[in-house]
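Please look over the model below. A short report on its sheets, core and ligand shell goes with it.

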Amino acid sequence: MKNFYTCLVVGAGPSGSSAAYTFAKNGIDACVIDKAIFPRDKLCGGLLTRRTKQCYSDVFCSGWDDVYECKSNGALFFHKGQMINAIENYGELYFCNRRTFDHALLEKVTATGADVVLGDRVEVVDTTSRTCLLHSGRKIGYRYMIGADGVNSVVARAITSKGFDRSRFAFAVQAETPDIICKQEDMVMPEIYFGEVDWGYGWVFPKKNSCSVGIGGLCKKSGDVTRRFREFYFARTNQLYSAPLKGHYIPFGNFSRNAVAKDIIIVGDAAGLVDPITGEGIAYGNLYKF
Ligand SMILES: Cc1cc2nc3c(=O)[nH]c(=O)nc-3n(C[C@H](O)[C@H](O)[C@H](O)COP(=O)(O)OP(=O)(O)OC[C@H]3O[C@@H](n4cnc5c(N)ncnc54)[C@H](O)[C@@H]3O)c2cc1C
């Protein structure tokens, strides 16, 4: 590992891996740093739309049969527990486990020869000296920096005068359960639930050996999402959810208007780039159009 890179990428989620891969493939010396050791978990429904598939293919120029777990071509829609629509010929929908999906993307980065630093957090970004200070005490210099460090981005705070307004975020709670299946006849079918929270929705998404059950909504409109999750989980599975709950913010409709400054660009969740209606965000971190 060097002490200076032309392009330093903070965060190795889909946004950071897409960026690091793109730079390294184009012969630019790049390094990606993540506070986690991969493979790592990331709370996410793991729904991959055709948009995500297209972005993936544009960035990584490869097929993706090895990165998703299951596939569907329809969805079931519910309102206050009653099924209101079943779409059976929507087109392609894919479902991944973010632990393996993000790890697969990062392995593609590693294969380019880019440096990958894991298990070390960026704590301070000094835009004057163009360096960042890691938790380990190490300092790394950069010419350009990509802030792909998610919804609580340290990099975003270094270039925007004020952080995001959390009351404008969405908050989502999700659990994996092997105890239910999402199937209608022989087809794997994701389920979308309206009317469970205001300004949000619930979901049950299929995975290979489990389902993701989650609920999320805009913080200031959705009340106690944690309580609503427990009620929703019970209604869908007929079981009480007793394990510790995991929740995460989504930068719903809260994108940064100053995503570029001082030779730094913030991308993905760090820049608030999620669909403000569905919360879909995996596709929006890609740099290929910049
Ligand atoms: C419950 C839930 C369900 C969702 N479901 C879907 C879905 O089904 N489909 C979809 O498309 N989107 C979904 N999303 C949104 C999606 O997860 C995000 O939009 C997407 O992960 C953004 O990717 P990213 O690379 O920008 O950030 P992240 O995936 O959050 O990656 C950021 C990375 O930065 C690292 N990091 C953070 N801070 C530092 C630091 N200081 N130093 C070093 N590293 C750091 C983290 O460890 C992490 O690996 C969901 C979100 C939630 C919360």
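The report starts with the basis of the model and then takes the sheets, the core, the ligand and one loop residue.

This is a predicted model: local features need pLDDT of at least 70, side-chain atom pairs count only at pLDDT 80 or more, and totals for chains, interfaces and linings use all residues. Residues are numbered from 1 along each chain as its sequence is written.

**The seven-stranded sheet**

Helices (H or I, at least four residues) and strands (E, at least two) are DSSP runs, numbered from the N terminus. Two strands pair if DSSP finds at least two bridges between them. Seven strands make an open sheet in the order 6-5-15-16-17-12-18, and their pairing is mixed. Strand 6 (82–87) and strand 18 are the edge strands, each pairing on one side only. From one strand to the next, the twist averages 20 degrees. Axes behind such angles are lines fitted to C-alpha atoms, for helices over the stretch in contact; angles run from 0 to 180 degrees between N-to-C directions.

At one edge, strand 12 and strand 18 are antiparallel, with four bridges. Val 173 has Gly 247 in strand 18 as its bridge partner. Helix 6 (residues 225–237) packs on this sheet. Helix 6 touches strand 12, strand 15 (191–194), strand 16 (200–206), strand 17 and strand 18. The direction of helix 6 makes about 145 degrees with that of strand 17. Contact here means C-beta atoms, placed from the backbone, within 7 Å.

At the other edge, strand 5 (residues 75–79) and strand 6 form a hairpin with two residues between them. Lys 80 sits in the turn, with a positive phi of about 45 degrees. None of the six residues of strand 6 is buried, so strand 6 lies largely in the open. A residue is buried if 20 or more other C-beta atoms lie within 10 Å of its own, exposed if 12 or fewer, and partly exposed in between; C-beta atoms are placed from the backbone.

**The three-stranded sheet**

A further open sheet has three strands in the order 3-7-4, with antiparallel pairing. Strand 3 and strand 4 (70–72) are at the edges with a single partner strand each, so one side of each has no neighbour in the sheet.

The table lists three antiparallel pairs from the two sheets.

| Strand pair | Bridges | One bridge pair |
|---|---|---|
| Strand 12 and strand 18 | four bridges | Val 173 and Gly 247 |
| Strand 5 and strand 6 | five bridges | Phe 77 and Asn 85 |
| Strand 4 and strand 7 (residues 93–95) | three bridges | Cys 70 and Phe 95 |

**The core**

A nonpolar core is a set of buried Ala, Val, Leu, Ile, Met, Phe, Trp, Tyr and Cys residues joined through C-beta atoms within 7 Å. The largest one has 79 residues. Among those with the most contacts inside it are Leu 8, Val 9 and Val 155. Beyond four places in sequence, Val 9 touches eight residues, including Ala 20, Ala 30, Val 32 and Ile 146.

**The ligand shell**

Which residues are closest to the ligand? They are Gly 11, Gly 13, Gly 45, Gly 268 and Gly 281, out of 38 that surround it. A residue counts here if its C-beta atom, placed from the backbone, lies within 6 Å. Helix 1 gives the most to this shell, with three residues.

**Lys 35**

Lys 35 lies in the loop between strand 2 and strand 3 (47–48). With 20 C-beta neighbours inside 10 Å, Lys 35 counts as buried. Lys 35 touches Asp 120 and Arg 121, leaving aside residues up to four places away in sequence.

Conventions:
Two residues are in contact if their C-beta atoms, placed from the backbone, lie within 7 Å.
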